[in-house]
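Trainee: Before we begin, could you take me through this model step by step, with the reasoning behind each answer?

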Amino acid sequence: MRLVNDLHLALDQSQFSLDFQPIVDLASGRIAKAETLLRWHHPVRGLVSPNEFIPLAEETGIIRSIGDWVFCEATRQVAEWRRQYGLDMQVSVNISPAQLRHEGLDHVFWRSHLNTLGLSPRQVIVEITEGLLIDSGDERVQRQLDAFRDVGMQVALDDFGTGYSSLSYLRKFNIDFLKIDQSFVANLSPDGPDLALCEAVILLAHKLGLRVVAEGIESREQYELLAAAGCDYGQGYLFARPLAPIDFEPLLANGTDLRPGGRSALAAS
Ligand code: C2E
Ligand code: MG
Ligand code: MG
């Protein structure tokens, strides 16, 4: 209950910040996208994990104003980097199911915010979890997802493989990217079942015209197995941890290659 009370103050008192984690094009090592990850710096408890406070924010409805703040701040940051570095990087933002319930998201507001920034909706990906598709008696969610797409934003299905992974979602909902959950990546080995699962998901996605991001790549072997399996993008500690904007900026320098052995501005500095 204390945390809930504190959450109410957190936005007003500027206790939130955003980290950005590179999503790497596995073929070139370039940063293609960055995922926005919310951080809460609690004045007494220190850093509180999103896994701890997002559920509270959802229960209490505060997630709606937090979600709007995340969207505005993430897109503002990426618009600024675009101006400074002339990059085409996309930004992805996690959306909670609770943001889509009731009257749903204010797409008009989101769109006009992007207009003000001069940022194309094409630069924005919203990440939703499978749970969202399961829980939310689909029509409304389908309309909301379609609204994102109508505006020109892209949609990624996060943590794929952990929920029910009903294949019918892939047909029914308009999705651009599948993100293979890190639990599959963690146990990858050349002859193991998880590699077979990843390969099958990649093949399936490609047949459906979707691109695949593998989450939680921590080792060179995992990277090599996924690249050989034709995975499009990867994200994980091997390439970079989630970084505060000031630590992300050195990576935006031209020619950064985050693959093992590649030219990373971070390693060089
Ligand atoms: P997610 O969207 O699946 O984000 C990926 C999580 O994996 C992040 O945890 C990230 O720090 C972590 N990660 C990245 N690379 C690696 C790796 O190589 N190994 C391991 N073990 N972990 C890695 P984080 O930042 O603690 O976020 C946890 C979850 O909280 C996110 O999972 C997302 O569901 C939620 N979340 C974060 N920010 C937001 C937000 O702005 N809005 C909403 N609604 N949810 C958010
Ligand atoms: Mg995510
Ligand atoms: Mg995930």
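Mentor: Let us begin with a cut-off: a metal donor here is an N, O or S atom within 2.8 Å of the metal, and because water is not among the atoms, a site may look incomplete. Please also keep in mind that this is a predicted model.

Trainee: Which residues coordinate the magnesium ion (ligand 2)?

Mentor: The donor atoms lie at 2.0 to 2.3 Å from the magnesium ion (ligand 2), and in sequence the donor residues are spaced E-x58-N-x32-E-x30-D. Reading that pattern with the donor atoms named, the ion is coordinated by E35 (OE), N94 (OD1), E127 (OE) and D158 (OD).

Trainee: How many residues apart in sequence are the parts that E35 and N94 tie together?

Mentor: Both residues are donors to the magnesium ion (ligand 2). E35 lies in strand β2, residues 31-42, whereas N94 lies in strand β4, residues 90-94, so the pair ties together parts whose separation in sequence is 59 residues.

Trainee: Is E35 buried or exposed, and into which class does N94 fall?

Mentor: Buried means under 20% relative accessible area, exposed means over 50%, and partly exposed lies in between. E35 has a relative accessible area of 4%, so it counts as buried. N94 is at 30% relative accessibility, so its class is partly exposed.

Trainee: Which residues coordinate the magnesium ion (ligand 3)?

Mentor: Along the chain the donors of this ion follow the spacing D-D-x55-E. The coordination distances run from 2.0 to 2.4 Å, and E215 (OE) is listed twice among the donors. The residues that coordinate the magnesium ion (ligand 3) are therefore D158, D159 and E215.

Trainee: Which residue bridges the magnesium ion (ligand 2) and the magnesium ion (ligand 3)?

Mentor: The two ions lie 4.2 Å apart. An aspartate appears among the donors of the magnesium ion (ligand 2) and also among those of the magnesium ion (ligand 3). The residue that coordinates both is D158.

Trainee: How many residues apart in sequence are the parts tied together by D158 and E215?

Mentor: Both D158 and E215 are donors to the magnesium ion (ligand 3), and both are buried. D158 lies in strand β6, while E215 is in the loop between β8 (211-214) and α11 (220-228), so the parts they tie together are separated in sequence by 57 residues.

Trainee: What is notable about the phi of D159?

Mentor: Most residues other than glycine have a negative phi. D159, found in strand β6, counts as partly exposed at 25% relative accessibility. Although D159 is not a glycine, its phi is positive, at about 55°.

Trainee: Where does S14, with its phi near 55°, lie?

Mentor: S14 also has a positive phi in a residue other than glycine. At 63% relative accessibility S14 counts as exposed, and its place is the loop between α1 (2-10) and β1.

Trainee: Which residues come nearest to ligand 1?

Mentor: Ligand 1 sits in the largest pocket, with 22 residues around it. Oxygen atoms of ligand 1 lie 2.8 Å from a side-chain N or O atom of R39, 2.9 Å from a side-chain N or O atom of D158 and 2.8 Å from a polar backbone atom of Y237. Taken alone, ligand 1 exposes 800 Å², of which the protein buries 83%. The residues that come nearest are R39, N94, D158, E218 and Y237.

Trainee: Which element supplies the largest share of the shell around ligand 1?

Mentor: At least two shell residues are supplied by each of β2, α2 (50-60) and β6 (154-160). The largest share amounts to 4 residues, and the element it comes from is β2.

Trainee: At the start of α2, which residue has a side-chain oxygen that reaches to within 3.0 Å of the backbone nitrogen of N51?

Mentor: Helix α2 supplies at least two residues of the shell around ligand 1, and it is followed by G61, whose phi is positive, near 85°. At the start of this helix, the side-chain oxygen that reaches the backbone nitrogen of N51 belongs to S49.

Terms used:
Residues are numbered from 1 along each chain as its sequence is written. Chains are lettered from A and ligands numbered from 1 in the order in which they are written. This is a predicted model: local features need pLDDT of at least 70, side-chain atom pairs count only at pLDDT 80 or more; totals for chains, interfaces and linings use all residues. Side-chain values use heavy atoms; hydrogens and water are left out. Donors are N, O and S atoms within 2.8 Å of the metal (3.2 Å for Na, K and Ca); water is not among the atoms, so sites may look incomplete. Buried means under 20% relative accessible area, exposed over 50%, partly exposed in between (1.4 Å probe, protein chains only). A residue is near a molecule or strand if one of its heavy atoms lies within 4 Å of it. A polar contact is a pair of N or O atoms within 3.5 Å; within protein, one must be able to donate a hydrogen and the other to accept it, and residues adjacent in sequence count only if both atoms are side-chain atoms. Accessible areas come from the Shrake-Rupley method with a 1.4 Å probe; for residues, only the protein chains shown count as cover. On a 1 Å grid over the protein atoms alone, a cavity is a set of points where a 1.4 Å probe fits but cannot get out, and a pocket is an open set with protein on both sides within 12 Å along at least five of seven lines; lining residues have an atom within 4 Å of a point. A molecule sits in a cavity or pocket if more than half of its atoms lie within 2 Å of its grid points.
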